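Trainee: Please show me how to read the features of a model one after another, with the general idea before the particular case.

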Amino acid sequence: MPVDGSSAVVLGVDIGTTSTKVVAFGPDGRAHGSAAVQYPLDEPAPGHAEQDPDAIRDAVVSTVRAVAAEAREQGMRPAGLAFSAAMHSLIAIDADGRPLTPSITWADGRAAAQAERLRAGADGLELHRRTGTPVHPMSPMVKLVWFRENEPEVVAAARRWVGIKEYVLADLTGEWVVDHSVASATGLLELATLDWYDDALTVAGVRRDQLSTLVRTRHQLRLTAAAARRLGVDADLPVVVGASDGPLANLGLGAIRPGMAAGSIGTSGALRVMVEKPSVDSLGRVFCYALTEDRWVVGGAINNGGVVLAWTGDALAPDLGDDPAEALLDLAAQVPAGSGGLVMLPYLLSERAPHWSALPRGAYVGLTRAHRREHLIRAALEGVCQQLALVLHSMQAAGNEVREIRATGGFARSPLWRQMLTDALGMPIGFAAAAEGTSFGAALLGMESLGLIESLDVAADLVRIEHTTTPEPGPSATYRTLLPVFAALYDALVPTFVSLRRLGPGLPLEPPDGSAEPAR
């Protein structure tokens, strides 16, 4: 039912990997309050990356409560909550609705062996193409195979398997539901039917009654009375289920129309284009996730974004202090595009698109005595940009036209890195003035559901592009020439990656007693 929008705001709740952020937005796109709470990403064993679901639930409660109060102080009326969440999380839930496991995040790589086995099997590519989710350790479907093979007692005790947003929504509303967007990133949903895919359920060893009820991303729930008191909002405040963070980032950047892509480099990175029908290319190089029933994103995410710049500071320039980013970028700017023939594969955390493999490791190729640390730093940043260029080429090879790119993320604060990505992608990039793209996307979806806006198409006009960077002919030509070299290195080094994976347990990073070997 439409509501009066004169003083209404929708609270966009973005449940991220490292923090939950809530922003109150009006239908004109203006923000009326925000809050964020951080929480740790635990790594209790090599390859594990997990979080406390109750800590995330508490972060949602405290941020919503703070922002609702701030909006009211500004004379605005909270008209609804709308949710975004990081994709690919997985939690086992017992018969009492309590977690049996932590929230296993997208970054968790414990299921690498299962992913490689499934990808190499006869049905690996078909699973990817039918579900839109790559067969990769990030996928909940692959994680479920790992649990079946490694923790059968958890599997036996699990009443249901959910993602972090489902857990939070069940706590607030008493209902176990999952939107088509989050479900489309589980590896368990068939894109063509928007229903659970029986073949994938069989591979995962999970039953339909162990999964949440599928709903549209515009679906509305109601808070329980107890939850409304905890949140400090009216008991009848609608809760719009919302979508996953990738598609909502496109919406929040205004990259909503076909041919408009959204890119980002934060800790990781991504490039996605909005399409009207779901599709995956024949080689399985891109993902496909839902925003709504008639809007989808096709693209790829990379593991190694800003984390690569942070590594160069730790490994190559520890003398620059605790916050060396600006100094590192200044060093990188001292050498020309192409880093004097030095190429870096930036696979410090293995990689996702377009190869979707946990095998690769980082590598410098072309190193000579003439190279200095500024070359190594620039080559690392160029590697991140070239990896996104491979994602762009994969999107285009899948038949998706990309006419315009909009971008956000921490890298956008650096003129050098902005220009480098623009030159690597070979087309202009518009940089948005605001950084709350995912929260804004969630709020816009909520506004449409509540009747506060006519269509999601308004997003393209509400987002202000602060500046646009155009490719520089010389550097752009250099990156275009180097891209086939960069791409070929992955295939050439796969046997080496396999050998290093096999030898890894016998090659520890530190001596057994933690002391360095004596100099000889």
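Mentor: Let us begin with a single residue: E448 counts as buried, because its relative accessibility is 17% and buried means under 20% relative accessible area, with exposed over 50% and partly exposed in between (1.4 Å probe, protein chains only). Keep in mind that this is a predicted model, in which local features need pLDDT of at least 70 and side-chain atom pairs count only at pLDDT 80 or more, while totals for chains, interfaces and linings use all residues. Residues are numbered from 1 along each chain as its sequence is written, and side-chain values use heavy atoms, with hydrogens and water left out.

Trainee: With which side chain does E448 meet in a salt bridge?

Mentor: A salt bridge is a side-chain nitrogen of Lys or Arg within 4 Å of a carboxyl oxygen of Asp or Glu, and here the side chain of E448 meets that of R218 at 2.6 Å, N to O. Because R218 lies in the loop between β12 (213-215) and β13 (220-222) while E448 belongs to helix α15, the pair ties together parts that are 230 residues apart in sequence. The element names come from DSSP runs, numbered from the N terminus: helices are H or I over at least four residues, and strands are E over at least two.

Trainee: How many salt bridges are there by this rule, and which residue partners R295?

Mentor: The count comes to 24 salt bridges. R295 forms one with D457, the closest N and O atoms being 3.1 Å apart; this pair links distant parts of the chain, with R295 in strand β18 and D457 in the loop between α15 and α16 (459-462), 162 residues apart. R295 counts as buried at 15% relative accessibility, whereas D457, at 32%, is partly exposed. Salt bridges can also share partners, and in this way D54, R57, D58 and R98 are joined into one network.

Trainee: Is the salt-bridged D179 buried or exposed?

Mentor: D179 is buried, with a relative accessible area of 1%. Its partner in the salt bridge is K165, with the closest N and O atoms 2.8 Å apart, and K165 is buried too, at 3%.

Trainee: Now the sheet: in what order do the seven strands lie?

Mentor: Strands of a sheet pair through backbone hydrogen bonds, either parallel or antiparallel. Two strands are taken to pair if DSSP finds at least two bridges between them, and here seven strands form an open sheet in the order β17-β18-β16-β15-β21-β22-β23, with mixed pairing. The edge strands, each pairing on one side only, are β17 and β23 (465-469). Strand β15 (residues 260-265) pairs with strand β21 (residues 404-408) in the parallel sense over five bridges, and A261 has I405 of β21 as its bridge partner. Helix α10 (residues 245-252) packs on the sheet, touching β15, β16, β17 and β18 (295-302), where contact means heavy atoms within 4.5 Å. The direction of α10 makes about 70° with that of β16, the axes being lines fitted to C-alpha atoms, for helices over the stretch in contact, with angles from 0 to 180 degrees between N-to-C directions.

Trainee: Where is the place of G284?

Mentor: G284 is in the loop between β16 (269-275) and β17 (287-292). At 2% relative accessibility, G284 counts as buried, and, not counting residues up to four places away in sequence, G284 touches L125, H128, P354 and W356.

Trainee: How many aromatic pairs does the structure hold?

Mentor: A pair of aromatic rings is described by the distance of the centres and the angle of the planes. Rings of Phe, Tyr and Trp (its six-membered ring) pair if their centres lie within 6.5 Å; planes under 30 degrees apart count as stacked, over 60 as edge-to-face and the rest as tilted. The structure holds nine such pairs. F25 and F440 have ring centres 4.8 Å apart and planes at 45°, so the pair is tilted; F25 lies in strand β2 (residues 19-25) and F440 in helix α15 (residues 437-450), 415 residues apart. F25 is buried at 5% relative accessibility, and F440 is buried at 6%. Y490 and F497 form a tilted pair as well, 6.2 Å centre to centre with 55° between the planes.

Trainee: Over which ring does the charged end of R110 sit?

Mentor: A charge sits over a ring if NZ of Lys or CZ of Arg is within 6 Å of the ring centre and within 35 degrees of the ring normal. The charged end of R110 sits over the ring of W146, 5.0 Å from its centre, and W146 also forms one aromatic cluster with F147 and W161.
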